[in-house]
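Colleague: Could you take a close look at one part of this model for me, the charged side chains and what lies around them? I'd like the cut-offs spelled out as you go.

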Amino acid sequence: MTRYFPDDAVSYVDPASAQNLATAMLALAKDPEAARKQADRASEVMAELSWAKQKLIYLDVLDRMAGK
């Protein structure tokens, strides 16, 4: 995930720690502006990862592999 989502787009937590997850969720709940900014940034990142954009990258790779 860190390859695709920068720190300002998501809250990374230790998946083995319920307390860590709860702390991250409470921090966002207590700061709606920060939560909105993070959600907006995540939306921006996801837009770049959409199939509409990714397919162009894949098609370009295929064209190059085919010598076009």
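Modeller: Here's a walk through the salt bridges, then the buried side of the same region. Bear in mind that this is a predicted model, where local features need pLDDT of at least 70, side-chain atom pairs count only at pLDDT 80 or more, and totals for chains, interfaces and linings use all residues. Residues are numbered from 1 along each chain as its sequence is written, and side-chain values use heavy atoms, with hydrogens and water left out.

A search of the whole structure turns up six salt bridges, each a side-chain nitrogen of Lys or Arg within 4 Å of a carboxyl oxygen of Asp or Glu. Let's begin in helix H2, which covers residues 32–48; helices here are DSSP runs (H or I, at least four residues), numbered from the N terminus. Arg 36 and Asp 40 pair up there, with 2.5 Å from N to O. Because the two are four residues apart in H2, about one helical turn separates Arg 36 from Asp 40. On accessibility, Arg 36 comes out at 39%, so it is partly exposed, and Asp 40, at 38%, is partly exposed too. The scale is relative accessible area: buried is under 20%, exposed is over 50%, and partly exposed is in between (1.4 Å probe, protein chains only).

Helix H3 has a pair of its own: Arg 64 and Asp 60 form a salt bridge at 3.1 Å, N to O. Both residues sit in H3, four places apart, again about one turn of the helix. Arg 64 reaches 55% relative accessible area, so it counts as exposed, whereas Asp 60 has 37% and is partly exposed. Then there's a shared-partner arrangement, with salt bridges linking Asp 8, Arg 41 and Glu 44 into one network.

Back in H2, one link of that network is the bridge between Arg 41 and Glu 44, where the closest N and O atoms are 3.3 Å apart. Those two residues lie three apart in H2, about one turn of the helix. Arg 41 is partly exposed because its relative accessibility is 28%; Glu 44 is partly exposed as well, at 48%.

Now for Gln 38, also a residue of H2. At 14% relative accessibility it counts as buried. Skipping neighbours within four places in sequence, Gln 38 is in contact (heavy atoms within 4.5 Å) with Asp 8, Ala 9, Val 10, Ser 11 and Leu 28. So Gln 38 touches Asp 8 of the network, because its contact list includes that residue.

Ala 9 and Val 10 turn up again in the largest nonpolar core, along with Phe 5, Ala 42 and Val 45. A core of this kind is a set of buried Ala, Val, Leu, Ile, Met, Phe, Trp, Tyr and Cys residues joined through side-chain atoms within 4.5 Å. Val 45, with the same sequence neighbours set aside, contacts Tyr 4, Phe 5, Pro 6 and Ala 9.

A last look at H3, residues 51–65, which also holds Leu 56. Leu 56 is exposed, because its relative accessibility is 54%. The 15 residues of H3 should span 21 Å, and the end C-alpha atoms are 20 Å apart, which agrees; the expected span is 1.5 Å times one less than the number of residues. After H3 comes Gly 67, with a positive phi near 80 degrees.
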